[in-house]
Protein chains: 2
Amino acid sequence: MARHRDYTKIEQIFESTLKLVLEKGFAGLKMAEVAKEANLATGTVYIYFKDKDDLINQLYLFLKRRKTILFLQGIDQKEDFDLVLKKIWFAYFEVTMQHVNESAFLEQYYRSPFLKSNVKEESKQILKPIYDLLERGVKEGKLHSVNVEILLSQIVGPIHEMIRAYHDGAVEINAETMNQLYQLVMRGIKA
Amino acid sequence: MARHRDYTKIEQIFESTLKLVLEKGFAGLKMAEVAKEANLATGTVYIYFKDKDDLINQLYLFLKRRKTILFLQGIDQKEDFDLVLKKIWFAYFEVTMQHVNESAFLEQYYRSPFLKSNVKEESKQILKPIYDLLERGVKEGKLHSVNVEILLSQIVGPIHEMIRAYHDGAVEINAETMNQLYQLVMRGIKA
DNA sequence: AAAATTAATGAACAATTATTCAATCATCCA
DNA sequence: TGGATGATTGAATAATTGTTCATTAATTTT
């Protein structure tokens with residue numbers, strides 16, 4: 001054995017890539033710039049990633065997984081339905097907010113043909129806990145009995161839209177505005 | 001005067017560009033392919049557009065304007081509030097649906113740094129009629145009195161989300177599902 | 001401490017692709 | 001009809017940028 005790979009470099013590269021994609025988009029992403037931003041030589045990036053395509057797909061998965069973990073922290077599906085729903089709604093909002101940049105990347109990527117189908121599959125899993133919860137709500141008669149996808153649209157749609165508005169500087173987000181939106185959404189779906 | 005420019009070529013070029021962007025994303029868009037797809041020589045594209053960047057920005061505006069026009073057809077703000085709201089909600093849904101591809105392009109572009117700020121400004125105008133209507137609704141006491149951005153998030157967010165789900169093959173969209181979503185949304189915002 | 005091994009470097013190279021432009025073609029006007 | 005004008009062409013060129021690899025540096029083992 002000799003010198004070891006320094007796997008912390010992978011995260012450095014991820015951070016640099018994320019930063020550059022957000023600044024200049026996929027089309028403007030250059031491997032040389034990624035390396036420079038991460039204080040590495042161009043060739044080093046190729047030690048840790050097969051090629052540019054691989055780098056972008058890995059980054060997507062990395063961010064998606066990180067978001068999922070954050071988002072599920074402290075959620076216990078065994079608790080009272082209304083409480084879990086509230087917790088999960090706010091958790092989703094807050095995590096998406098606190099990682100606006102990552103979320104923007106994920107959205108941009110989701111719409112792009114870089115996305116490999118297996119990656120897309122994994123990415124759907126993030127909403128699974130919400131999905132399950134909604135089914136439970138319908139069964140328990142706590143939610144209106146419509147297709148779960150419809151309920152889901154009503155739940156995460158406004159969050160995404162509000163964050164987009166925030167991103168455009170059109171609205172402020174604080175405890176009050178979050179609560180107001182929550183009230184509107186719940187009034188809609190609760191039976 | 002001699003031979004005239006054939007401005008119908010512009011639309012040919014737009015259609016080709018749209019098709020290719022949807023297939024391969026911004027990063028994969030090649031001027032030579034755009035030209036070929038439009039049955040033109042590469043150089044011809046440069047007669048009608050300054051460069052690649054110009055082409056993409058023009059395309060964005062073209063699609064945005066087309067969508068706006070379609071979407072506002074048959075809306076008369078002088079009619080009864082509830083009726084206008086219903087018409088406008090369904091019109092927005094249907095136009096977004098019937099032009100899923102264009103909408104996907106617009107979303108992808110919106111998140112990308114290609115977007116010039118003046119273009120972004122113009123693009124905000126598309127929601128102006130909904131915006132105005134919501135303000136009227138609040139004044140007339142027909143809607144809950146919260147920030148209009150919050151109401152807007154609740155109105156268009158679920159539509160975008162549902163269409164995304166449809167795009168992923170997760171849900172069917174028909175008169176019934178549309179109506180169900182409409183009921184949920186309205187139950188939330190109406191006073 | 002020196003040899004062995006592998007990471008890291010970054011200039012050079014190979015592809016790829018945007019853009020140009022000399023030559024050609026189509027249309028208009030006298 | 002013929003010359004003038006400007007549109008169109010697409011191969012050639014200019015840029016850009018992904019990837020490689022000979023060389024150097026760092027770490028481990030003997």
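Which residues does Tyr182(A) touch, not counting residues up to four places away in sequence? In this predicted model, Tyr182(A) touches Asp82(A), Lys86(A), Trp89(A) and Phe90(A), with residues up to four places away in sequence left out of the count, where contact means heavy atoms within 4.5 Å. Tyr182(A) lies in helix α10 of chain A, helices (H or I, at least four residues) being DSSP runs numbered from the N terminus. With a relative accessible area of 6%, Tyr182(A) is buried, a term that stands for under 20% relative accessible area, whereas exposed stands for over 50% and partly exposed for values in between (1.4 Å probe, protein chains only). Tyr182(A) and Pro158(A) are 24 residues apart in sequence, and their C-alpha atoms are 9.2 Å apart in space.

Because the model is predicted, local features need pLDDT of at least 70 and side-chain atom pairs count only at pLDDT 80 or more, while totals for chains, interfaces and linings use all residues. Residues are numbered from 1 along each chain as its sequence is written, chains are lettered from A and ligands numbered from 1 in the order in which they are written, and side-chain values use heavy atoms, with hydrogens and water left out.

The relation between the chains comes next. Chain B is superposed on chain A by a rotation of 180° with 0.0 Å of shift along its axis, at an RMSD of 0.1 Å, which is the relation of a two-fold axis; the superposition is by least squares on the C-alpha atoms of residues with pLDDT of at least 70 in both copies. Since 98% of the interface residues of chain B are also interface residues in chain A, the copies meet through the same surface.

The largest nonpolar core has 76 residues, of which Leu85(A), Trp89(A), Phe93(A), Leu85(B), Trp89(B) and Phe93(B) touch the most other members; such a core is a set of buried Ala, Val, Leu, Ile, Met, Phe, Trp, Tyr and Cys residues joined through side-chain atoms within 4.5 Å. The elements giving two or more residues to this core are α5, α8, α9 and α10 of chain A together with α5, α8, α9 and α10 of chain B. Beyond residues up to four places away in sequence, Phe93(B) touches Ile159(B), Met162(B), Ile163(B), Ile173(B), Met178(B) and Leu181(B). A second, separate core of 27 residues includes Ile13(A), Ala35(A), Ala38(A) and Tyr60(A).

Within chain B, helix α8 (residues 128–139) and helix α9 (residues 148–167) pack at an angle of about 115°, with their axes 10 Å apart. The contact is made by Ile130(B), Tyr131(B), Leu134(B), Glu135(B) and Val138(B) of α8(B) and by Val148(B), Glu149(B), Leu151(B), Leu152(B), Ile155(B) and Val156(B) of α9(B). The axes are lines fitted to C-alpha atoms, for helices over the stretch in contact, and angles run from 0 to 180 degrees between N-to-C directions.

Individual residues in both chains are listed below by location and accessibility.

| Residue | Location | Relative accessibility |
|---|---|---|
| Lys64(B) | helix α4 (residues 52–72) of chain B | 12%, buried |
| Thr96(A) | helix α5 (residues 81–98) of chain A | 4%, buried |
| Asn39(A) | loop between α2 (31–37) and α3 (42–48) of chain A | 69%, exposed |
| Asn39(B) | loop between α2 (31–37) and α3 (42–48) of chain B | 70%, exposed |

Not counting residues up to four places away in sequence, Lys64(B) touches Leu106(B), Ser123(B) and Ile126(B), and Thr96(A) touches Lys67(A), Ser103(A) and Ile163(A). Asn39(A), although not a glycine, has a positive phi of about 55°, and phi of Asn39(B) is likewise positive, near 55°.
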